[in-house]
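Please open the model in your viewer and keep the sequence beside it, so that each selection can be followed in both places.

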Amino acid sequence: MWHWIQRFSSPKHFYTMSVPLIKWFTVGALLIGLYGLYLGLFVAPTDYQQGESYRIIFIHVPAAWMSLFVYMVMAASAGIGIIWQIRLADMVAAASAPIGASFAFLALVTGSLWGKPMWGAYWVWDARLTSELILLFLYLGYMALQSAIEDQRSADKASGLLAIVGVVNIPIIHYSVEWWNTLHQGATVTKFDKPSIHVDMLIPLLLMAVAFKLFYAAIVLIRARNEALYRDRNRRWVRELIEQL
Amino acid sequence: MNWSEFFNMGGYAFYVWTSYGLFILVIVANIISPMMQRKKVISHIKRTIRRENIGQAKRRHQS
């Protein structure tokens with residue numbers, strides 16, 4: 001097992017070994033995603049209070065969950081990169097940032113579009129909304145550091161430290177609805193007792209969550225392959241590869 | 001299944017379909033952006049290789 005990890009973590013082997021993974025993740029994301037959307041838009045019952053507008057949940061909530069999940073992956077891999085100098089970890093962190101930023105943006109915008117009919121406002125400085133906005137800025141800050149600093153090692157160190165410091169924001173976002181009395185509703189699924197959502201609505205929601213994860217897995221591997229090519233541009237395996245292209 | 005009723009989304013059509021439109025936009029952007037990134041990286045490396053070959057040719061010519 002350890003041998004496989006060693007081989008997989010060298011950029012050269014990662015570049016080729018990740019291709020089948022990308023294929024399967026893409027197929028999985030597409031199938032589960034389409035089925036989840038079908039259930040969510042056509043089959044799930046109308047909400048007795050919110051009517052049809054609640055159907056935004058099937059993209060708002062998975063995007064929000066993903067923005068937190070991707071940030072944790074980014075911070076963990078940045079930490080691994082700094083502590084053990086595993087270059088693939090830095091590549092995964094750099095590859096995750098734009099994807100996480102796009103999910104945080106999607107969560108904020110779909111939430112705001114859902115908030116307008118339900119709360120009467122596109123934006124309020126609510127604890128949950130504000131901490132999610134800070135999460136988006138942390139992603140953008142990470143990406144800015146990555147592109148601004150010339151030397152790759154110091155760019156990884158600086159952006160990695162920002163990512164690790166920013167981890168404190170993750171529990172704040174999650175518990176913001178309990179700590180402050182927020183306009184945003186409390187946890188519905190991620191809590192210890194039974195989720196307070198009807199099963200016909202829960203199933204498409206969980207399907208979409210799985211589809212988002214598979215989609216992220218496929219895209220982060222594609223981006224990590226680009227990072228591997230760019231960061232190893234002076235190495236023989238990349239030069240040989242490029243000559244064949 | 002009445003399509004016009006479906007698209008009306010109980011009067012919330014604007015909010016629901018704008019959200020789903022942005023969702024598709026974000027998914028497509030996440031697919032296209034790495035492809036463009038890959039083209040940029042490959043052409044950058046190719047240009048570096050060409051520049052190095054020209055440099056070597058010049059040195060060989062001068063020596």
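The tour below goes from one chain to a pair of helix contacts in another.

This is a predicted model, in which local features need pLDDT of at least 70 and side-chain atom pairs count only at pLDDT 80 or more, while totals for chains, interfaces and linings use all residues. Residues are numbered from 1 along each chain as its sequence is written, chains are lettered from A and ligands numbered from 1 in the order in which they are written, and side-chain values use heavy atoms, with hydrogens and water left out.

**Stop one: chain B.** Select chain B, which has two helices and zero strands (helices are DSSP runs of H or I with at least four residues, strands are runs of E with at least two, and both are numbered from the N terminus). Its C-alpha trace spans about 80 × 20 × 10 Å along the principal axes. The radius of gyration of chain B is 26 Å, whereas a compact globule of 63 residues would have one near 11 Å (the radius is taken over C-alpha atoms, and the globule rule is 2.2 Å times the number of residues to the power 0.38). Of the 63 residues of chain B, 27% count as buried (buried means under 20% relative accessible area, exposed over 50% and partly exposed in between, with a 1.4 Å probe and protein chains only).

**Stop two: α3 and α5 of chain A.** Now select residues 57–84 of chain A, helix α3, together with residues 127–148, helix α5; their axes come within 11 Å and cross at roughly 40° (axes are lines fitted to C-alpha atoms, for helices over the stretch in contact, and angles run from 0 to 180 degrees between N-to-C directions). The residues to display are Ser67(A), Leu68(A), Val70(A), Tyr71(A) and Met74(A) of α3(A), with Glu132(A), Leu135(A), Leu138(A), Tyr139(A) and Tyr142(A) of α5(A) making the other side of the contact (contact means heavy atoms within 4.5 Å).

**Stop three: Ser67(A).** Is Ser67(A) buried or exposed? Ser67(A) is buried, with a relative accessible area of 0%, and it lies in helix α3 of chain A. Leaving aside residues up to four places away in sequence, Ser67(A) touches Gly100(A), Phe103(A), Ala104(A), Glu132(A), Leu135(A) and Tyr139(A).

**Stop four: α3 and α6 of chain A.** Finally, keep α3(A) and add residues 152–166 of chain A, helix α6, where the two axes come within 8 Å and cross at roughly 135°. Among the residues in this contact are Ala75(A) and Ile82(A) of α3(A) and Leu161(A) and Ile164(A) of α6(A).
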